Every structure is written in structure tokens, then in C-alpha cells.
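User: I have a model with a bound ligand. How should I read its binding site?

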Amino acid sequence: MRLYLYISKSLGISRREAKILIKESNDVFVNKEVIKNPNFDVAKNDKVIYKQKDLQYIENVYILLNKPKGYICSIKDELYPSILNLISEDELRNRLKIVGRLDVDTEGLILLTDDGDFIHKMTSPKKDVEKKYYVEVDTAYLKEDIISFFNGVFIIDENKQQYKTKKALLEIIEANKAYLTITEGKFHQVKKMHKAIGKEVLFLKRESVGEFNLGNLKTGQYKIIDCCQKNRRNYEI
Ligand code: URA
């Protein structure tokens, strides 16, 4: 790993600050040798010292939570409690940010992490990350609904502009039940898409996001996940 990333993570400073510190402080040592090159490659067993203190590399943490209804995806409690109340370890709770949003009445998969690059990768509209929802609606689905969602429907977005949704996959399971897979995350998107085809969503649960799925995690439970080394390396370069 590059030295500036190691320093940035272990001291909790930005990458830019870490680069300046390495170049200018004369206080960063790797195996007792002062290093001024931010791109110096730190090996697994190297000892990194700053101001005579042994630095520990802090790994990022990734959590997969099965959100219940009645909790909000905000780091603070508002009208409803924050989903962070469901994380029992204080030390973890204080580090976490929420990857995207689910409505207060939506259940299902939400990711939490302290890794800003991961949040960007999962939520950037350019990345087209698939999100699969289980949906129950007020009136029976029609075959035409599959085509409408495939071709895109018009919704009103956060800026009150008309927006045509990207290609989405509707899999009808029963008359009023389906899975819907979308690759974007506009505010209330699934509910608005259903409104566009004359339906009201009565129950909504997110089953998966990208490569992550709920498995047999119960509502309200969470687990710490080991988040794909290969991806992490990609954005550390
Ligand atoms: N779409 C919605 O309408 N609500 C959610 O919570 C998530 C996606």
C-alpha cells in the first residue's frame, strides 16, 4: 500500500494532508528510515512511525443491515430513530456513514461504512449498481408493466424535473407481488415508478445491492462483511 494512504487512514487525515505531511514533516519513518516519498510502497510487515509513535493501519469497516420499518437513514434521530441505533458497538456506530437511503417505511438491505470511496462506488449514478426490491402493490400487475419499466417511465425528480427512468427489470411473482431491479436511486424511485403505471406500493423491501444480498439476515439484524479486497485495491491505486 502507498505510504500516503497508510498515513491518511491511520491518522484519520485526508490524502492530500497525508502527502504534505510526508513531504514536509521529516517525521514519517518506515523501518527507522525517514521517508519523503508519499508513493513509497509499504509492505505488510513494515513498521511505520510518526512522531515516534507506532502507527496502526486501521482497516475500513463494512456493515450489512436488514433495516426494519420505522427507522430513518440519517446519522441523527429526527421524527424517527436513526438506523445507527441498531448498531450495538459504540466505537463502530461513531465511524459509520450510510450508503444511500431507504424510506422510513421501506425494509431491507442497507450498507454502512467509513469508506468514502466505497460509498461513491456504490451510489454514483455512473456506476449503474443494481438494486433489487420486493414490491407489493394495490392492484394486479399487467404484462404491459414489464414493458413500461423496461422502456422507462416518466417520474418527477428531486429538482421537480421530468425524468425518464433507465431500463428496469420487473419480475411478476403473483398478481400483486413482484421483484423490481433498478440501477439508479432517485428519491422514492420505486414508489414513483409505480405511480407512473397507476399503482400504489403497499410494501417495499430491498433484497440486494450489487453483489450484496440479505441472505438469511433477520429484520433488525446486521453483520460485518469482509468487503471485496479486489475492489478496495482498485480505488487505492
Ligand atoms: N424507492 C422508494 O420508493 N423507496 C425506497 O425506500 C427505495 C427505493
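**Reading the ligand site**

Analyst: Start with the shell. In this predicted model, the ligand is surrounded by Leu102, Asp103, Thr106, Tyr133, His188, Gln189, Val190, Lys191 and Leu204.

User: How do those shell residues divide by type?

Analyst: Sort them into classes. Four are nonpolar, three are polar and two are charged.

User: Which helix gives the largest share of the shell?

Analyst: Map the shell onto secondary structure. Helix α6 (residues 189-196) leads, with three residues.

User: Where does the ligand lie relative to domain 2 and domain 3?

Analyst: Check which domains supply the shell. Domain 2 (62-124 + 213-235) and domain 3 (130-209) both contribute residues, so the ligand lies between them.

User: Which backbone atoms lie a few ångströms from an oxygen atom of the ligand?

Analyst: Look for N or O pairs within 3.5 Å. A backbone N or O atom of Asp103 is 2.7 Å from a ligand oxygen. For Lys191, a backbone N or O atom lies 3.0 Å from an oxygen of the ligand. A polar backbone atom of His188 is 3.2 Å from a ligand oxygen.

User: How much of the ligand does the protein bury?

Analyst: Compare the ligand alone with the ligand in place. Alone, the ligand exposes 240 Å², and the protein buries 96% of that.

User: Which pocket does the ligand take?

Analyst: Set the ligand against the pockets. The space it takes is the largest pocket.

Methods. Residues numbered from 1 in each chain as written. Predicted model: local features only at pLDDT ≥ 70, side-chain atom pairs only at ≥ 80, totals over all residues. Heavy atoms only, no water. Near = heavy atom within 4 Å. Polar contact = N/O pair within 3.5 Å; in protein donor to acceptor, adjacent residues only side chain to side chain. Areas by Shrake-Rupley, 256 points an atom, 1.4 Å probe, with all protein chains shown as cover. 1 Å grid on protein atoms, 1.4 Å probe; cavity = no way out; pocket = protein on both sides within 12 Å on 5 of 7 lines; lining within 4 Å. Sits in = over half its atoms within 2 Å of the grid points. Helix = DSSP H or I, 4+ residues; strand = E, 2+ residues; numbered from the N terminus. Nonpolar A, V, L, I, M, F, W, Y, C, P; charged D, E, K, R; others polar. Domains from an automatic or database assignment.
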